[in-house]
Amino acid sequence: MLRGLRAVAAKEIIHVRRDPAALAISILLPMVQLTIFGYALDTDVKHIRTAVYDLDHRPASQQFIQRLEATRYYKVVERVNSDQALRQAIVAGRAKVGVKLPPDYSEKLLRGESAQVLMLVDGSDSQVAFKAQTTAVFLATNMAIEKLSARGSVSVPIDVRPRVLFNPDMRSANFFVPGLVGLILQIVTTMLTALSIVREKEQGTLEQLLVTPVDKLALMLGKLAPYAVLGLFETSLVLYLMWAVFGVGINGSLLLLGALVPVFLFAGLGLGLMISTFAQTQAQAFQASFLIILPSVLLSGFVFPRESMPALIYPITTVIPVTYFLEILRGVILRGAGWPELWRQATLLLLLGAGILTIAVARFQKRLG
Amino acid sequence: MSFDVPDASIFGFLGPNGSGKSTVIRMLCGLLAPTSGEATLEGIDVVRHPDRVKPKIGYMSQQFSLYRDLTVEENLTFYGSVYGLSGERFATRKKAVMDVVGIAGQQSKRAGTLSGGWKQRLALACALIHEPQILFLDEPTAGIDPVARRSLWDLLFDLSAQGTTLFVTTHYMDEAERCTHIGYIYLARLIALGRPAELKARQDVTPPDTRRIELVTDQAPAALRILKGLPGVLSATFFGEALHLLTSESLDPDAIRSALDAAGMGVTNIREMSPNLEDVFVTLTQGLEQTGRA
């Protein structure tokens, strides 16, 4: 049984060692991603550049502008003196938001009438537009309630007091970094295994190997094992850096996480194996890997929430292993979720991984004749 | 096609490019399942029990297919352990194959950095590590220099003398002449099978009413044109400085000499000859092409 397993695994480890460039890239890649997603990719919108056209010029209008800036979502970069100039500031990209306060702003407030403020929002960046809209409306509502309360006329009928759990500062690093573990594991297992198997095809060494009495299952396991170990090592590395650099600790059970990582590994290795049964050259394997990695990044909920995806795309997200692994990672790391909360995702991941691996192994065995 | 390869023979498997040589080898090695037919190696059915055949065969493919980033020793160790060798037995075998191919002293070189001849020797060493009874060699000497080629064949003769059966494909006629048995395939059909001497004596190669003549002249190209027009000359072709003719029995060699003399060309030597293997294969192939067209 499994004749040649140790020989193949030992040989594979030599390959990895002999190719320091590939090894360095597979270690460096997680570091670069960690930096990009942890620091650079900040989806929090702050200090939106704002142009102001104030026709009122009295304390009340000044106060509105100050309160706007005090939210820290806005930063006044320009004051203009015409409707056209206000529009032009947005067209030229100097400002994302234009605020126009009419000449009768203060008077209307004093008279107790409804004072109007015009807000132009650059919709070309949907994130900014959305944030500007909601914060401005929220600010105005707040100010209106304050004014009414000052007159002693009302108490607020419904008072929502949001409290953000698990990530009170709403830092995007907390959201991205745990997900990164899944992505890195996917890249290492899928891409490296696919490449290592296809390389043997390309160089004819696979044929030479198949003339020997090596067991086919042993051949496959022997080739996958070193990459599984490498994947586990990188997982630990990223989890450590997540805690050491970004201060994101694991709230839940490390044991549970440790038990579920290998489940995901099977899925990733299975995908790599699957690619190797289609690709004839390393270049093809590389492209095919991207075909799998791209949806894993974009459709798994890593960057964009799955809930907002169109009905046509949504089913695709359910057959991406990273989708479930991400939910597990974020659950365990951020929310301290345990087995009772995550058994569903874990089961689906296991089924998906088993399915992929079964098909891949069957195809692989058949291909080898 | 159907053929037997005697134990300890050197079986030369020849045929034009694309005629199916490699396919036959791959089927015999259990790499490819045949659509029909059967083959037994050492009494074992290849189609039904490829796994039982594999420990008994060695295979050296056309292109270098060992691990280039592994050293000579690591390649040997890898193949040794894949064949289930270990401990003392493995050490003995490793030393034995390294002595046979003379690669000792280069153990720590990466396989990819070896020259063509040494690569082939290493490939041979790896294919021999488990003492196979049958060794398949697919164009083992393609692309290596004549000296390396000669020494590789010396190795093959040694192996054959020790009882290993060799199954070799080649395009080199001088290598074919060295084989004890030959099979020639054309369009996936075996059209000649036997010892080299038997093939040369075949009647369809040199029919009873014809003879083969070798002729040396100082103006071979011009002579070839004249000879091709001479009645009774069935075919004429260059062979180095000489011309090889297939003539009908009735054409007197002296008539050929005088025909060339008349054209002012001196004939240095003219003699009757037996066909070489190239003549055999060319004649047989042309014969088939003509019947195919007819």
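Helices here, at least four residues long, and strands, at least two, are DSSP runs numbered from the N terminus, and with that convention in hand the tour of this predicted model can start at the end of one helix.

**Helix 6 of chain A**

Select Gly152(A), which comes just after helix 6 of chain A and takes a positive phi of about 70°. Then extend the selection back over helix 6 itself, residues 126–150 of chain A: its 25 residues should span 36 Å at 1.5 Å a residue, and because the end C-alpha atoms are 36 Å apart, the expectation and the model agree. Colour Lys131(A), Ala132(A) and Ala136(A) within this helix, since these residues are buried. To see what covers the buried residues of helix 6, show strand 1 (48–54), strand 3 (97–101) and strand 4 (118–121) of chain A, which are included in that cover.

**The domains of chain A**

Now colour chain A by its domain assignment, which gives domain 1 as 5–41 + 171–367 and domain 2 as 48–150. The C-alpha centres of domain 1 and domain 2 of chain A lie 48 Å apart.

Move next to helix 13 of chain A, residues 321–335, where Leu334(A) is found. Is Leu334(A) buried or exposed? Leu334(A) has 20 other C-beta atoms within 10 Å and is therefore buried, given that 20 or more are needed for that class. Once its neighbours within four places in sequence are left aside, Leu334(A) is in contact with Phe166(A), Asn167(A), Asn174(A), Pro178(A) and Asn251(A). A C-alpha to C-alpha distance drawn from Leu334(A) to Val245(A) reads 16 Å, for two residues that are 89 apart in sequence.

**Where chain A meets chain B**

Show both chains and select the residues in contact across them: 19 residues of chain A are in contact with 23 residues of chain B. On the chain A side, the elements that give two or more residues are helix 1 (5–18) and helix 8 (205–210) of chain A, and the largest share, five residues, comes from helix 1. Coloured by residue class, this side of chain A divides into six nonpolar, eight polar and five charged residues.

Stay here and pick Pro213(A), in the loop between helix 8 and helix 9 (216–244) of chain A. Which residues does Pro213(A) touch, not counting residues up to four places away in sequence? Pro213(A) touches Arg3(A) from chain A, together with Asp51(B), Lys54(B), Pro55(B) and Tyr83(B) from chain B. Pro213(A) counts as buried because it has 20 C-beta neighbours inside 10 Å. Pro213(A) and Arg3(A) are 210 residues apart in sequence, yet their C-alpha atoms are 7.7 Å apart in space.

**Chain B as a whole**

Hide chain A and look at chain B, whose secondary structure comes to 11 helices and 12 strands. The C-alpha trace of chain B spans about 75 × 45 × 30 Å along its principal axes, and of its 294 residues 36% count as buried. Among the contacts in chain B with a separation of 6 or more, residues 24 or more positions apart account for 71%. Chain B is divided into domain 1 (10–199) and domain 2 (207–273), with C-alpha centres that lie 42 Å apart.

**The six-stranded sheet of chain B**

Select the open sheet of six strands in chain B, which has the order 4-5-6-1-7-8 and mixed pairing. Its edge strands, each pairing on one side only, are strand 4 (57–60) and strand 8 (189–194) of chain B, and neighbouring strands of the sheet are turned by 15° against each other on average, direction ignored. Strand 7 (residues 181–186) and strand 8 of chain B pair in the antiparallel sense over five bridges; there, Tyr186(B) has Arg189(B) in strand 8 as its bridge partner.

Add the helices that pack on this sheet. Helix 5 (residues 116–128) of chain B touches strand 4 and strand 5 (134–138), and its direction makes about 160° with that of strand 4. Helix 6 (residues 146–161) of chain B touches strand 1 (10–14), strand 5 and strand 6 (165–169), and its direction makes about 145° with that of strand 6.

**A hairpin to finish**

Finally, select strand 10 (residues 233–239) and strand 11 (residues 242–248) of chain B, which run antiparallel and are joined by six bridges. Within this pair, Ser235(B) stands opposite Leu246(B) of strand 11. The two strands form a hairpin with two residues between them, and in its turn Gly240(B) has a positive phi of about 65°.

Key
Residues are numbered from 1 along each chain as its sequence is written. Chains are lettered from A and ligands numbered from 1 in the order in which they are written. This is a predicted model: local features need pLDDT of at least 70, side-chain atom pairs count only at pLDDT 80 or more; totals for chains, interfaces and linings use all residues. A residue is buried if 20 or more other C-beta atoms lie within 10 Å of its own, exposed if 12 or fewer, and partly exposed in between; C-beta atoms are placed from the backbone. Two residues are in contact if their C-beta atoms, placed from the backbone, lie within 7 Å. Ala, Val, Leu, Ile, Met, Phe, Trp, Tyr, Cys and Pro count as nonpolar, Asp, Glu, Lys and Arg as charged, and the others, Gly among them, as polar. The expected span of a helix is 1.5 Å times one less than its number of residues. Domain bounds come from an automatic or database domain assignment. Two strands pair if DSSP finds at least two bridges between them. Axes are lines fitted to C-alpha atoms, for helices over the stretch in contact, and angles run from 0 to 180 degrees between N-to-C directions.
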